[in-house]
Amino acid sequence: MSVVTRFAPSPTGFLHIGGARTALFNWLFTRHHGGTFSLRIEDTDRARSTDEATTAILDGLQWLGLGWDGEVVHQFSRAGRHAEVAHQLLAEGKAYRCYCTPDELTAMREAARAEGRPIRYDGRWRDRDPSEAPAGVDPVIRIKMPHDGDTTIQDLVQGEVRVPNDQLDDMILLRGDGTPTYMLSVVVDDHDMGITHVIRGDDHLTNAFRQLQVFAAMGWPIPEFAHIPLIHGPDGAKLSKRHGALGVDAYRNLGYLPEALRNYLLRLGWGHGDDEIIDTDQAVQWFDLGAVGKSAARFDFAKLDSLNKHYLQQAHDERLVDLVVERLTAAGDPAPDSAALARLQAGMAGLKQRAINLVGLAEAARLYTGTRPVEFDEKAANLLDQTARQRLAELAPALKKLMSWNEETIEACTRAQAEFENIKLGQLAQPLRAALTGRTVSPGIFEVMAVLGQEECLARINDVQAAGP
RNA sequence: GACCCCAUCGUCUAGCCUGGUCCAGGACGUCACCCUUUCAAGGUGAAAACACGGGUUCAAAUCCCGUUGGGGUCGCCA
């Protein structure tokens with residue numbers, strides 16, 4: 001039987017990092033087995049679901065490179081089918097109408113809490129005669145859970161997990177207004193969509209036991225379950241807004257490459273020996289649910305950074321030029337002309353070696369895309385003291401005389417000048433760097449000069465002289 | 001509170017299922033040194049963990065029990 005999985009987010013916010021990993025694991029597992037990966041938007045909560053969130057989720061998945069198969073299923077559009085199933089269970093005596101009001105249920109829970117009893121619906125309408133129904137209350141439909149025995153799940157990640165059935169209360173399938181709840185919808189859809197493997201967050205593990213009863217009541221085959229551990233924040237608690245939990249779009253804005261995020265997320269909770277750098281093709285080949293760990297993992301930006309750095313260095317210069325220009329123009333910089341573009345392309349190899357994300361890369365790239373006069377940061381300005389300028393002034397004529405302008409000739413010329421003045425190369429190279437880039441940190445200065453071109457370099461050096469004492 | 005899950009360096013993990021090769025390996029981070037025109041990169045090296053307590057066994061990070069700690073779930077949310 002072919003594998004069919006699904007990623008089923010609710011469109012109540014952006015695609016957060018935990019969801020992204022769930023999607024990744026589903027995607028990887030499916031691709032590994034050559035199955036079908038479907039996307040289902042769980043929008044049965046009409047009040048909280050938004051189109052913006054749906055769009056954000058779709059965009060996020062696309063950016064991450066986690067494409068889905070077939071049409072996106074919008075769960076709410078299947079509400080009729082869900083209600084049909086609820087009524088079938090009602091007709092078969094496997095479900096019943098409950099006339100409790102929300103207030104009554106709240107009171108029930110509070111009482112249970114106060115008395116230290118388990119907080120569950122007590123089944124007060126389970127065997128009550130419908131003739132006792134109060135007027136003016138739209139009943140909900142609840143499923144009859146078994147009272148004896150226990151329910152066992154053979155979870156592909158968690159192993160065998162068993163829960164006593166008396167822990168399961170008669171949950172609501174259909175609300176008073178006739179709309180289905182998540183517990184019903186998810187089961188009906190998973191069945192109708194032919195889902196063979198339900199791979200989702202650990203927080204759904206306890207739900208699985210209740211959902212299992214719906215499958216059983218309908219006589220449907222039970223899919224395989226794999227509940228993967230949650231991602232925690234630095235404090236060890238479930239990642240949430242208060243940790244500044246970010247959507248994938250935020251990671252994108254922060255300048256992370258999708259392949260870096262994929263590799264990072266993969267290694268968070270899954271391992272393959274000592275392998276750390278695992279590209280997507282390799283991941284598809286290796287991925288298996290059995291190697292997913294059972295404990296939660298904390299999100300660590302430092303490690304993401306190091307992976308990002310790696311993938312940045314692997315990335316093609318053309319791609320990075322595009323990404324950098326995109327960022328620069330978005331930040332309000334004028335669109336670079338062809339000469340600036342050529343410099344950027346030529347200098348990208350040196351630039352990307354030092355960047356940890358696209359934000360920093362774009363910032364550093366201004367060295368090649370910016371126009372004169374260059375702006376100096378504080379350190380660079382301090383470095384360009386009287387002596388430094390003097391030295392640059394003495395170097396300039398020698399540079400001007402160079403007939404051939406490339407890294408080798410520039411370096412030879414500069415070294416000769418340093419030797420002539422009997423100073424260390426650094427004492428000349430740093431002022432040069434400051435004058436040409438406005439920074440004290442940059443790619444190799446001779447590389448920078450070669451990329452910038454003779455004319456531009458001399459002009460920038462001259463700018464420093466002109467700036468006065 | 002009830003139920004369920006988890007527990008190896010600061011962090012992610014390998015090893016655990018199939019006890020001995022583990023005075024516990026890798027990666028990120030940290031520190032030191034080397035290289036060096038800056039920063040990166042690179043090279044070399046260092047510090048750093050089997051939560052605790054009982055068992056079982058000739059032998060336990062590995063199996064069992066308990067304790068502690070952490071987490072998740074208990075909605076007419078998903």
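How far is a sugar or linking oxygen of RNA strand B from an N or O atom in the side chain of H232? In this predicted model, the two lie 3.3 Å apart, a polar contact in the sense of a pair of N or O atoms within 3.5 Å. Two further side chains join the picture: a polar atom of K303 is 2.9 Å from a base nitrogen of the strand, while one of Q430 sits 3.1 Å from a sugar or linking oxygen.

Around RNA strand B there are 63 residues, with R175, G269, K294, R354 and R433 the closest; a residue counts as near if one of its heavy atoms lies within 4 Å. This surface comprises 21 nonpolar, 22 polar and 20 charged residues, with Gly counted as polar and Pro as nonpolar. Helix α17 contributes the most, five residues. On the RNA side, 68% of the atoms within 4 Å of the protein belong to sugar or phosphate, and the rest to bases.

Turning to the interior, the largest nonpolar core holds 91 residues, and L265, L399 and M449 have the most contacts inside it. Such a core joins buried residues (under 20% relative accessible area, 1.4 Å probe, protein chains only) through side-chain atoms within 4.5 Å. L265 touches, among others, I17, A20, L24 and F299 (heavy atoms within 4.5 Å). A second, separate core of 34 residues includes V4 and M218.

Residues are numbered from 1 along each chain as its sequence is written, and chains are lettered from A in the order written. Local features need pLDDT of at least 70, side-chain atom pairs 80 or more, while totals for chains, interfaces and linings use all residues, and side-chain values use heavy atoms, without hydrogens and water.

Technical notes. Buried means under 20% relative accessible area, exposed over 50%, partly exposed in between (1.4 Å probe, protein chains only). A polar contact is a pair of N or O atoms within 3.5 Å; within protein, one must be able to donate a hydrogen and the other to accept it, and residues adjacent in sequence count only if both atoms are side-chain atoms. Helices (H or I, at least four residues) and strands (E, at least two) are DSSP runs, numbered from the N terminus. Lists of a residue's contacts leave out its neighbours within four places in sequence.
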